[in-house]
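User: Could you take a close look at the ligand site in this model for me, and walk me through the parts of the fold around it?

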Amino acid sequence: TQQVRLARRPVGLPGADTWTVTTEELPAPGPGQFLVKVDYISLDPAMRGWLNDVRSYLPPVGLNEVMRSVDIATVVASSHPEYAVGDTVSGTFGVTEYALTDGAGVQRVDLAVASGPTWLGALGMPGMTAYFGLLEVGRLQPGETVLVSAAAGAVGSVVGQLAKAKGATVIGIAGGPEKCRVLTEELGFDAAVDYRAENVLRRVREIAPDGVDIYFDNVGGDILDAALANMRRGARIVLCGAISTYNAEKLPPGPSRYMSLLVFRASMTGFVVFDYADRYGEAVAEISRLLSEGRMTAREHVVSGGVADFGDTLGMLFRGANTGKLVLAL
Ligand code: NDP
């Protein structure tokens with residue numbers, strides 16, 4: 001089986017020399033173990049953080065370790081009483097073609113409910129992040145106005161559609177006219193702002209002259225600053241991610257408009273989706289209901305290739321080359 005390992009810790013954007021592809025024989029499963037063949041690998045912006053040797057909510061990936069990833073996989077050999085050949089599962093098997101597991105942390109996946117890529121997107125970690133970030137951390141109320149960045153991505157596209165389903169007015173920020181078209185024409189957003197071509201601060205002010213009640217921040221940096229200038233009294237800022245800073249070689253300057261929090265009695269709250277792990281069932285039930293009723297679209301960006309294409313595919317997240325949840329199909 002081939003797998004991708006961390007060869008050296010990148011400075012700035014990860015490059016070809018960040019990774020090595022290795023080949024290894026796997027033994028047959030021993031008692032209580034089963035062998036899976038990986039079908040889909042999830043590509044996540046958080047992966048960039050796992051490459052840095054710093055303290056965070058998960059330990060960094062070690063040098064020469066198989067790169068950590070969440071995968072959808074099929075059981076191909078089993079000596080485990082609860083898993084049979086042909087079962088579909090999800091687990092943190094890593095960037096590898098095959099993996100041996102004892103089932104710890106593995107979940108069953110029902111392909112009758114949704115496809116493998118959707119189980120990594122709208123019904124996977126990004127969907128859970130959107131659901132709990134918007135409803136629990138953001139405390140969305142009907143009739144409010146929601147602004148979301150990286151809006152055409154995995155988390156952002158679910159945030160916007162969930163907010164619409166709950167009766168909010170939704171403004172998305174994304175890079176380029178095509179993504180903005182997807183937001184308003186395919187995903188039901190009320191308005192879209194192209195941050196590459198437009199002045200975000202001014203465009204949001206035109207669209208929502210009274211300000212926004214929730215800003216769901218996936219990108220940080222200048223776009224966070226522009227959002228801070230468009231608060232409404234009592235606004236909440238959900239600090240979900242800051243992808244615009246993940247490859248920075250030195251600390252970026254802080255948001256210069258954070259005193260807006262004081263003026264508008266607003267709050268900005270960070271969160272990590274894993275804190276809601278015992279309630280994922282609730283989110284899967286609601287999101288899959290909206291999907292089956294046609295009130296939400298699960299959008300994935302599936303790239304076909306081998307594990308050796310992992311590094312190039314990961315780079316797409318930082319260039320904005322994905323619309324929807326980015327998945328590598330083996
Ligand atoms: P996406 O599918 O949204 O892909 C990343 C997108 O970010 C790109 O498509 C691109 O879209 C945008 N982007 C990249 N670079 C920049 C930049 N410099 N400035 C502005 N936008 C940029 O990824 P996810 O949905 O998986 O993740 C979104 C965010 O959510 C990330 O910050 C991630 O770390 C965070 N997250 C947080 C979790 C938590 O528990 N707190 C859990 C899961 C994710 P465009 O073309 O529009 O620029």
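Analyst:
**The ligand site and its surroundings**

Happy to. In this predicted model, the end C-alpha atoms of residues 12-328 lie 23 Å apart, and the span is 28% helix and 23% strand. That span is the one UniProt lists, in an unreviewed entry, as "domain: Enoyl reductase (ER)".

The chain is divided into domain 1 (2-121 + 298-329) and domain 2 (125-274). Their C-alpha centres lie 28 Å apart, and the contact takes 16 residues from domain 1 and 17 residues from domain 2. On the side of domain 1 that touches domain 2, the residues divide into 6 nonpolar, 7 polar and 3 charged.

Now to the ligand itself. The shell around the ligand draws at least three residues from each of the two domains. There are 29 residues around the ligand, and Gly153, Ala154, Gly175, Gly241 and Gly320 come nearest. By class, the shell divides into 18 nonpolar, 9 polar and 2 charged residues. Three helices, α3 (125-137), α4 (154-165) and α10, each supply at least two residues of this shell.

Let's stay with α10, which covers residues 310-319. Which of its residues are buried? They are Phe310, Gly311, Leu314 and Leu317. Seen down the axis of α10, these buried residues fall within an arc of 100°, so they line one face of the helix. What they pack against is β1 (2-6), β2 (19-23), β3 (34-42), α1 (46-50) and β15 (325-329). Right after α10 comes glycine 320, with a positive phi near 75°; Gly320 is also one of the residues that come nearest to the ligand.

Ahead of α4, another of the helices that supply shell residues, there is a backbone detail you may want to inspect. Alanine 150 sits in the loop between β8 and α4. Its phi is positive, about 45°, although it is not a glycine. Most residues other than glycine have a negative phi. Is alanine 150 buried or exposed? Alanine 150 has 29 other C-beta atoms within 10 Å, so it counts as buried.

Arginine 265 makes a useful counterpart. Arginine 265 has a positive phi of about 50°, again without being a glycine, and is found in the loop between α8 (260-263) and β13 (267-270). Arginine 265 counts as exposed because it has 11 C-beta neighbours inside 10 Å.

The strand β8 that precedes the alanine 150 loop also turns up in the packing of helix α6. In α6 (residues 200-207), the buried residues are Val200, Arg203 and Val204. They cover an arc of only 95° around the axis, so they lie on the same side of α6. Their cover includes β8 (145-148), β9 (169-174), β10 (191-194) and α7 (221-228).

One last stop is glycine 91, in strand β5 (residues 88-91). Glycine 91 is buried because 20 other C-beta atoms lie within 10 Å. Leaving aside residues up to four places away in sequence, glycine 91 touches Asp71, Ala73, Thr101, Gly105, Val106 and Gln107. Valine 109 is 18 residues away along the chain, and the C-alpha atoms of glycine 91 and valine 109 are separated by 10.0 Å.

Methods:
Residues are numbered from 1 along each chain as its sequence is written. This is a predicted model: local features need pLDDT of at least 70, side-chain atom pairs count only at pLDDT 80 or more; totals for chains, interfaces and linings use all residues. A residue is buried if 20 or more other C-beta atoms lie within 10 Å of its own, exposed if 12 or fewer, and partly exposed in between; C-beta atoms are placed from the backbone. Helices (H or I, at least four residues) and strands (E, at least two) are DSSP runs, numbered from the N terminus. The arc is that of the directions from the helix axis to the C-beta atoms. Two residues are in contact if their C-beta atoms, placed from the backbone, lie within 7 Å. A residue is near a molecule or strand if its C-beta atom, placed from the backbone, lies within 6 Å of it. Ala, Val, Leu, Ile, Met, Phe, Trp, Tyr, Cys and Pro count as nonpolar, Asp, Glu, Lys and Arg as charged, and the others, Gly among them, as polar. Domain bounds come from an automatic or database domain assignment. UniProt positions are given in the numbering used here, feature names are shortened, and annotations may be inferred rather than shown by experiment.
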